[in-house]
Amino acid sequence: MKIAILQGKDKRERIFGPEHLAQLRELGEVVLNEDNGNPSEEQARTLIAGADVAITSWGCCALTERVLESAPNLKLVLHAAGTVKPIVTEALWQRGVRVANATEALGQGVAETALGFTIVSLKDMWRLSRETAAGGWGDGSRVREVYGLTIGVVGAGRAGSHYIKLLRQFDVKIALYDPFVSEERAREMGAQKLELEDLLRVSDVVSIHLPSLPETYHMFNADRLAMMKDDCVLINTARGSVIDEVALAAELSKGRLFACLDVTDPEPPEVNHPLRALPNVILTPHIAGAVNNGLGRIAKAVVSDLRAYLEDRPLSGEVRAEQMHLLA
């Protein structure tokens, strides 16, 4: 079996350590791109020639008919990243090639970041740290524990589901909004399914885990933000486009909400954007998924799905053509 890794050397080495490459070599002949930078379409044709499996990632070119004609025996594409939309083409589906991504691995990091935001924000650590550094001490009047509260989760994809799993270690109520999850499935996950407006009215924390789709654009608008409880913590580790940021800045300026935003629209926000100046906003530069050592999770997921494919087991990250319109 021939396995072609299409990433440039510089990007590949950030994700795949020597141990991951050794594991891949146990499963087949591995072809590497030794140039820095992702290959052009012509370079991809050369790398993928005769391959049974292709490994792609961020910045790789689309697997067009021209690229695929060099690999008539291609059976599987493993995308060492999240959304497969940049690399998937109709030609790929027509050839019956299976596709899997590493969204589950990325989702774990996103969920852990959301949990970190949850704990630190409820503890009021951001404000207390600033005040303590300025000479204050001990004003813990606004500190809350992750106990006896309602945590609202908007979207139960890979990241949202893992966030719910992590929350089950705490004595909290978990509310879920996801039109594609049944009430029974929500209960199995440990959550209560609610309509979005109801979730916003009862939640002490609202964590967003939605893809960027036309249907989710500015889902959190002025009306919905106004429904949220005083002192609610709004966390967005998904996509900036799901929040109307003008409306959010206006609502935050009233001082009754707190927001942790790992994503904005666009990224980065303008230097003079009001979100940068408000004291009740924490902005981080899109670090929730996989960064530095966390990228190893992606490589591990790729190797795991390749083994599953060879053993005729389900692929954890498999994406099917009919799912594409629901994906980010």
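This passage describes a cavity, a loop glycine and an aromatic pair in a predicted model. Residues are numbered from 1 along each chain as its sequence is written, and side-chain values use heavy atoms, with hydrogens and water left out. Local features need pLDDT of at least 70 and side-chain atom pairs count only at pLDDT 80 or more, whereas totals for chains, interfaces and linings use all residues.

A search of the whole structure gave 1 cavity of 30 Å³ or more, where a cavity is a set of points on a 1 Å grid over the protein atoms alone at which a 1.4 Å probe fits but cannot get out. The volume of the largest cavity, taken as the space filled by probe spheres set on the points, is about 40 Å³. Its lining residues (an atom within 4 Å of a point) are Leu78, His79, Ala100, Asn101, Ala102, Ala301, Val302 and Asp305. Helix α13 contributes the most to this lining, with 3 residues.

Gly17 is located in the loop between α1 (9-15) and α2 (18-27); helices are DSSP runs (H or I, at least four residues) numbered from the N terminus. Gly17 is buried (under 20% relative accessible area, 1.4 Å probe, protein chains only), because its relative accessibility is 14%. Its C-alpha atom is separated by 8.0 Å from that of Ala299, 282 residues apart along the chain.

The whole structure contains 1 aromatic pair (ring centres within 6.5 Å). Phe117 and Trp126 form this pair, which is tilted, with 6.4 Å centre to centre and 50° between the planes; planes under 30 degrees apart would count as stacked and over 60 as edge-to-face. Phe117 is buried at 6%, while Trp126 is partly exposed at 24% (partly exposed lies between 20% and 50%).

Conventions
1 Å grid on protein atoms, 1.4 Å probe; cavity = no way out; pocket = protein on both sides within 12 Å on 5 of 7 lines; lining within 4 Å. Helix = DSSP H or I, 4+ residues; strand = E, 2+ residues; numbered from the N terminus. Phe/Tyr/Trp six-rings, centres within 6.5 Å; stacked < 30°, edge-to-face > 60°.
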